[in-house]
Amino acid sequence: MATREGWLDQIRLARYPEVRIESGGITWLFNDEFYPFAGAVRAIKEAADEVGIEKLMWGSDYPRTITAITYRMSYDFVVKSPELTDREKALFLGENAKAFYGFKDLRELSYIKNMSE
């Protein structure tokens with residue numbers, strides 16, 4: 001919980017080989033600043049500095065966060081951030097989870113308007 005004292009101690013658990021950190025709810029933690037959640041992006045960068053971007057995975061915390069933001073907003077703040085490289089975005093938004101869980105041949109899902117907007 002990046003807005004709580006000692007949160008980097010939790011992040012450092014990802015220094016163990018089989019531990020990853022999932023970010024579900026990070027937008028909720030930075031809800032006071034709202035979209036585009038600059039503080040959340042800074043927290044992702046800070047966590048990456050501690051353990052490497054390869055140890056971090058995106059999460060939406062859907063459907064709880066949808067009371068304040070759309071599903072698209074829950075990842076779009078990462079996609080549109082100039083603070084992260086394209087490679088960091090790709091790893092964080094899916095490649096890390098794909099590797100960790102051993103997913104193969106994932107199909108692209110169709111856009112679902114009422115869930116995403």
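Let me start with a pair of charged side chains: Arg12 forms a salt bridge with Glu50, and the closest N and O atoms of the two are 2.8 Å apart. Because Arg12 lies in the loop between α1 and β1 (21-22) while Glu50 belongs to helix α3, this pair ties together parts that are 38 residues apart in sequence. I should say at once that what we are looking at is a predicted model, and that each distance I quote is computed from that model.

Staying with Arg12 for a moment, its side chain also meets the side chain of Asp9 in a salt bridge, here with an N to O distance of 2.7 Å. If we widen the view, Asp9, Arg12, Arg15 and Glu50 are linked in a network of salt bridges. As for how open these positions are, Arg12 is partly exposed, with a relative accessible area of 27%, and Glu50 is likewise partly exposed, with a relative accessible area of 25%. In general, side chains of opposite charge can pair when their charged atoms come close.

How many salt bridges does a search of the whole structure find? The search finds five, and one that I would like to discuss separately is formed by the side chains of Lys45 and Glu88, which meet at 3.8 Å, N to O. This pair links distant parts of the chain, since Lys45 sits in helix α3 and Glu88 in helix α5, 43 residues apart.

Is Glu88 buried or exposed? At 18% relative accessibility, Glu88 counts as buried, because the cut-off for that class is under 20%, whereas Lys45, at 27%, counts as partly exposed. Besides the salt bridge, a polar atom of the Glu88 side chain lies 2.7 Å from the backbone nitrogen of Thr85. Leaving aside residues up to four places away in sequence, Glu88 touches Lys45, Ile53 and Glu83.

Let me turn from charges to the interior. The largest nonpolar core has 25 residues, and those with the most contacts inside it are Ile44, Leu56 and Phe77. Helices α1 (7-11), α3 (38-51), α4 (71-79) and α5 each supply at least two residues of this core, and the largest share, seven residues, comes from α3. For background, nonpolar side chains in soluble globular proteins tend to be buried together.

Which residues does Ile44 touch, not counting those up to four places away in sequence? The contacts of Ile44 are with Ile26, Ile53, Leu56, Phe77, Val78, Leu84 and Phe92, and two of these names, Leu56 and Phe77, have already come up among the residues with the most contacts inside the core.

On the outside, there is a nonpolar surface patch of about 340 Å², made by Tyr101, Phe103 and Leu106. Of these, Tyr101 has its place in helix α5 (residues 86-101), the helix in which Glu88 is also found.

My last point concerns Gly24, which is found in the loop between β1 and α2 (26-29). At 30% relative accessibility, Gly24 counts as partly exposed. The C-alpha atoms of Gly24 and Ser60 are separated by 4.7 Å, although the two residues are 36 residues apart along the chain. When residues up to four places away in sequence are not counted, Gly24 touches Gly59, Ser60 and Asp61.

Technical notes:
Residues numbered from 1 in each chain as written. Predicted model: local features only at pLDDT ≥ 70, side-chain atom pairs only at ≥ 80, totals over all residues. Heavy atoms only, no water. Patch = residues over 30% accessible without salt bridge, like charges linked within 9 Å, V, L, I, M, F, W, Y side chains within 5 Å. Areas by Shrake-Rupley, 256 points an atom, 1.4 Å probe, with all protein chains shown as cover. Salt bridge = Lys/Arg side-chain N within 4 Å of Asp/Glu carboxyl O. Helix = DSSP H or I, 4+ residues; strand = E, 2+ residues; numbered from the N terminus. Polar contact = N/O pair within 3.5 Å; in protein donor to acceptor, adjacent residues only side chain to side chain. Contact = heavy atoms within 4.5 Å. Core = buried A, V, L, I, M, F, W, Y, C linked by side-chain atoms within 4.5 Å. Buried < 20%, exposed > 50% of the residue type's maximum accessible area, 1.4 Å probe, protein only.
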